[in-house]
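Visitor: I have a chain to look over, and I would like to go through it with you. Shall we take it one question at a time?

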Amino acid sequence: MATPASVQERVQALRELLHHHAHRYYVLDAPEIPDAEYDKLFRELQQLEEKHPALASPDSPTRRVGGRTLDGFTKVRHKVPMLSIRTETDTEPSGAQNFDARVRRELGLAESDPPVEYVAELKFDGLALNLRYEDGVLVQAATRGDGEVGEEVTQNIRQIGQIPLRLNPHPGPLPEGEGENGPLSRGRERAGVRVPPVLEVRGEVYMRRDDFEALNDKQREKIARGAKNEKTFVNPRNAAAGAVRQLDPSIARQRPLSFFAYGWGELSPPQEGGPQFDTHYQALQTLRSWGFPVHQDTSQVTGAGELVAFYERIGELRDQLPFDIDGVVYKVNSIALQKQLGFVTREPRWAVAHKYPAQEQLTTVESIYVQVGRTGKLTPVARLVPVFVGGVTVTNATLHNEDEVHRKDVRVGDTVIVRRAGDVIPEVVAVVPDRRVDGAPVFSMPRQCPVCGSEAVREEGEADYRCTGGLFCAAQRKEAILHFAQRRAMDIEGLGDKLVDQMVEAGVIRTLPDLYKLGLATLSALERMADKSAQNVLAALEKSKQATLPRFLFGLGIRHVGEATARDLARHFGKLDAIMDASVEQLLEVPDVGPVVAESIHTFFAQQHNREVVEQLRACGVTWPEGEPQARAPKPLAGKTVVLTGTLPTLSRDEAKDLLEAAGAKVAGSVSKKTDYVVAGAEAGSKLEKAQQLGVAVLDEQGLRDLLAGALARA
C-alpha cells in the first residue's frame with residue numbers, strides 16, 4: 001500500500017525542522033525551541049516512520065537513536081589517506097618561527113618577499129574521524145586507524161548531535177555576538193556553495209571536561225553500588241575514544257561526545273559538481289555553512305609574528321577552554337602553495353602541529369608521605385621520580401585523601417599518570433596496573449599527626465583526617481597564632497601575617513605562650529620593625545591579657561567552635577576548667593551544641609599538650625572574669641534576619657553584630673525578601689537601596705538599640 005502524499009510531506013517537514021533545530025542546539029549553541037518541544041516533534045517523526053517503514057532514510061534524525069550491537073568493526077580503506085602532521089618539538093614560541101622559516105625556504109622566498117598567510121587552529125586532544133557524505137547524506141564514519149585503513153563506527157557517530165546526518169546547503173546564521181568581521185565570518189561569501197556528490201570531512205571527536213567529570217561521577221556511583229566491570233576514565237580523550245569504539249551503540253549514546261571539523265578527504269572535483277577552493281580558510285567556512293562546527297578561534301594569520309601571537313594567546317586560554325588541547329596547528333592557507341610544497345615521508349610540508357608542554361606524563365611513585373596543612377588537614381602526597389609535565393619538573397603530586405588513594409589504588413612503586421594543568425597542583429590521575437610490582441602494600445592513613453604526634457581524627461561524613469594538636473602542631477603554628485590574635489579573639493593589634501611569618505620562620509615563636517615572652521630587643525631585631533612599632537606590639541600584647549572567656553575560647557581555634565558557640569559554652573559552664581573537664585554528654589547539654597561539636601571540643605582538651613598551652617597562657621598573665629553557670633539567655637530576636645550596612649555613629653560593625661547575635665538574630669550579608677531589618681549608617685550603599693525597593697524596615701543605630709531593648713523587655 002502506497003504511503004499517502006500528506007504523510008510523506010509531513011515526514012519530510014519534520015526532518016527539516018529537526019535538522020534545523022539540532023543545528024541551532026548542537027553547533028550554534030543558540031536553540032530556538034525548548035527541549036520538550038523538540039522531543040514532541042521527534043516522537044511524532046519516530047511514530048510515522050514506524051508506521052510507514054518505506055519512509056526510512058539514513059539521514060533521518062531518528063537514526064541517532066538505537067541501533068543493533070555490532071559483532072565487530074568493519075575495516076574501511078580511506079580513499080584519501082589520513083596522513084599525520086609533523087610535530088614541532090620546540091614547545092617555545094620560537095617553534096612557530098621555525099615553521100615559517102622552513103616554509104619560506106622551501107618556497108624559495110627571499111627576505112624582501114611578502115609574508116606567507118596561514119590558518120592557525122587548535123589541536124584538539126581527541127580521536128580523529130573521517131565522515132563520508134554522498135549526495136549530502138552521512139553514509140559512513142571511520143577512525144583514522146593506521147592512516148590507510150580505519151574502523152567503521154557509523155552507528156556510534158550518529159549519536160553525536162554536532163555531526164550532521166544531512167548537509168545544509170545554505171549558510172547558517174552567525175553565532176550570537178559574532179559580527180560580520182569576526183574570525184569566522186571572513187570568507188562568508190563562500191556560504192551557500194552547493195553540496196558536492198561526494199564529500200569526506202575530517203575532524204576530531206572529543207569530550208568536554210564537564211561532561212567527562214559528570215561521566216566519571218556516574219561511574220563512581222555504579223562502582224559504589226557494587227557494579228562489576230565498571231571503571232572511571234583517565235582523561236577525556238580516553239573516554240571519547242572508548243565511546244566511539246563501542247560495539248554497542250546504546251553504550252556510546254550514554255557518553256556525551258562533541259565534534260570539530262578541520263579538513264577534508266575525498267572531494268568531488270569541480271567538473272563533477274564539487275567546489276573550487278582557493279584557500280584552506282575558505283574551505284573551512286564552507287564546511288561551517290554546511291552545518292559542521294568549526295572552532296571560533298580558527299584564524300587567518302600572516303607571517304611568523306602572528307603565528308607566535310596565536311600560539312601565546314591560545315596558550316594563555318588553554319586552561320579556560322571547556323575541552324583539552326595539546327597544541328595548535330599551522331597550515332599554509334593557499335591551496336596552490338600547499339600543492340607546491342607537497343609532502344615528505346607521507347607528511348605535508350605545508351602543515352605542522354606546534355605542541356604545548358605536556359600536561360600528562362608517566363612516572364613512578366617512590367613513596368607516599370602525609371602533609372599537614374595550616375588548618376590541620378592531613379593530605380597524602382606521592383613523592384615521584386622527577387618528570388617534566390605542564391612546563392615544570394614535578395617531584396610531588398597530591399593524592400587528596402585516603403578515599404581517593406584507595407579508589408585509584410595508588411601504591412609505592414606504581415607507574416602512574418601525573419597531570420598538571422596551568423597552576424593546578426599536580427595530581428596522580430591513574431595507575432598503570434600492568435606495571436605494578438608484586439607485593440606493593442596498600443596505603444593507610446596514619447592515626448597520629450606526622451608532625452606533632454597528636455591524634456588524627458576523621459569526623460563522620462568528612463573525607464579528610466585532621467590533626468587535633470592545633471595549639472601545639474608546628475605545621476599549624478602560623479594559622480593558630482593569627483587566629484588567636486585576630487580582632488574578634490584576643491585582639492592583638494599589629495600582629496599581622498608578615499610579622500607572624502617572620503617570627504615563626506626565625507624561631508622566635510613556637511607556641512602561643514611565646515607571644516607573651518617577647519621582648520623589645522627581639523622584636524626590634526626583626527626586618528622592618530623599628531623600636532616604636534615593637535613597643536606598640538608589646539603594648540597590644542599586654543592589653544590582650546585582660547580577655548573574656550568567650551574570646552579566649554574562640555581564640556584557641558577549636559574546630560567547629562565559633563563565637564556564638566564560645567559564648568554559649570562560657571555561659572553554660574561559667575569556668576574554663578569546667579569546659580576542659582566536661583564529658584561529651586555534658587557538652588551536649590549546651591544549647592545548640594550537637595554531637596560533632598561536642599566531640600571536637602572533648603577531643604581538643606583530651607590532648608595533654610593543648611591543656612599545657614592553656615596553663616602556660618594563664619601563667620603568662622592571660623586572665624578573664626569567671627563566674628557560675630548561667631541560665632540560657634533569652635533569644636528575643638530568634639528567627640529574625642538583619643543586614644548591617646554603612647558606618648554607625650558609636651558601634652563598630654562587629655559590636656553591632658555581637659549584640660544582634662546575642663539576641664538570637666541572624667546577621668546576613670545581603671538583602672532579600674526574607675530580611676526583617678536593615679541597620680543603615682553613614683555611606684550606606686546598594687543594600688539600603690534594595691531594602692527600600694523591597695519595603696524592608698530600615699533602622700539607624702538608635703533604632704537598633706530600641707529594637708534590642710524592646711525585644712529584651714518583652715522576653
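Visitor: Is Thr641 buried or exposed?
Guide: This is a predicted model. Thr641 sits in strand β21, residues 641–645. Its relative accessibility is 16%, and the limit for burial is under 20%. Thr641 therefore counts as buried.

Visitor: Which residues does Thr641 touch, leaving out those up to four places away in sequence?
Guide: Thr641 is a residue of strand β21. Neighbours up to four places away in sequence are not counted. The residues touched are Lys666, Ala668, Lys674, Thr675, Asp676 and Tyr677.

Visitor: What radius of gyration does the protein chain have, set against a compact globule of 715 residues?
Guide: The C-alpha trace spans about 100 × 60 × 60 Å along its principal axes. A compact globule of 715 residues would come out near 27 Å. The protein chain has 34 Å.

Visitor: How many helices and strands are there, and what share of the residues is buried?
Guide: The protein chain holds 24 helices and 24 strands. Among contacts with a separation of 6 or more, 68% join residues 24 or more positions apart. Of the 715 residues, the share that counts as buried is 48%.

Visitor: How far apart do the centres of the positive and negative side chains lie?
Guide: The accessible surface of the chain is about 34800 Å², with 49% of it belonging to carbon and sulfur atoms. As for charge, there are 89 positive and 100 negative side chains. The centres of the two sets lie apart by 2 Å.

Visitor: How many disulfides does the structure hold?
Guide: A disulfide is a covalent bond between the sulfur atoms of two cysteines. The structure holds 0 disulfides. Cys449 is in none, and its nearest cysteine sulfur, in Cys467, is 3.7 Å away. With the cut-off within 2.5 Å, the count is 0.

Visitor: Why is Cys473 not bonded to Cys449?
Guide: Both residues are buried: Cys449 has 4% relative accessibility, and Cys473 has a relative accessible area of 1%. For Cys473, the closest cysteine sulfur is in Cys449. That sulfur is too far for a bond, because the distance is 3.9 Å.

Visitor: Which elements are among those that cover the buried residues of α6?
Guide: Helix α6 runs over residues 236–244. Its buried residues are Pro236, Ala239, Ala240, Ala241, Ala243 and Val244. Their cover includes β4, β5, α4, β7, α5 and α7.

Visitor: Is Phe443 buried or exposed?
Guide: Phe443 lies in the loop between β18 and β19. Leaving aside neighbours within four places in sequence, it is in contact with Ile368, Val370, Pro380, Val405, His406 and Val410. Its relative accessible area is 12%, so Phe443 is buried.

Visitor: How far in space is the C-alpha atom of Phe443 from that of His406?
Guide: Phe443 and His406 are in contact. Along the chain they are 37 residues apart. Their C-alpha atoms are separated by 7.5 Å.

Visitor: What is the C-alpha to C-alpha distance between Ala336 and Ile325?
Guide: Ala336 is placed in helix α10, residues 335–341. Ala336 counts as exposed, at 53% relative accessibility. In sequence, Ala336 and Ile325 are 11 residues apart. In space, the distance is 29 Å.

Visitor: What separates the C-alpha atoms of Ala578 and Val671?
Guide: Ala578 is found in helix α18, residues 576–580. With a relative accessible area of 30%, Ala578 is partly exposed. Ala578 and Val671 are 93 residues apart along the chain. Their C-alpha separation is 40 Å.

Visitor: What is the phi of His560?
Guide: His560 is found in the loop between α16 and α17. His560 is partly exposed, with a relative accessible area of 34%. Its phi is positive, in a residue other than glycine, with a value near 75°.

Visitor: And what is the phi of Glu683?
Guide: Glu683 lies in the loop between β23 and α23. A relative accessible area of 80% makes Glu683 exposed. Again the residue is other than glycine and phi is positive, near 60°.

Conventions: Residues are numbered from 1 along each chain as its sequence is written. This is a predicted model: local features need pLDDT of at least 70, side-chain atom pairs count only at pLDDT 80 or more; totals for chains, interfaces and linings use all residues. Side-chain values use heavy atoms; hydrogens and water are left out. Helices (H or I, at least four residues) and strands (E, at least two) are DSSP runs, numbered from the N terminus. The radius of gyration is taken over C-alpha atoms; the globule rule is 2.2 Å times the number of residues to the power 0.38. Buried means under 20% relative accessible area, exposed over 50%, partly exposed in between (1.4 Å probe, protein chains only). Contact means heavy atoms within 4.5 Å. Accessible areas come from the Shrake-Rupley method with a 1.4 Å probe; for residues, only the protein chains shown count as cover. Lys and Arg count as positive and Asp and Glu as negative; His and the chain ends are not counted. The place of a charge is taken as NZ of Lys, CZ of Arg, CG of Asp or CD of Glu.
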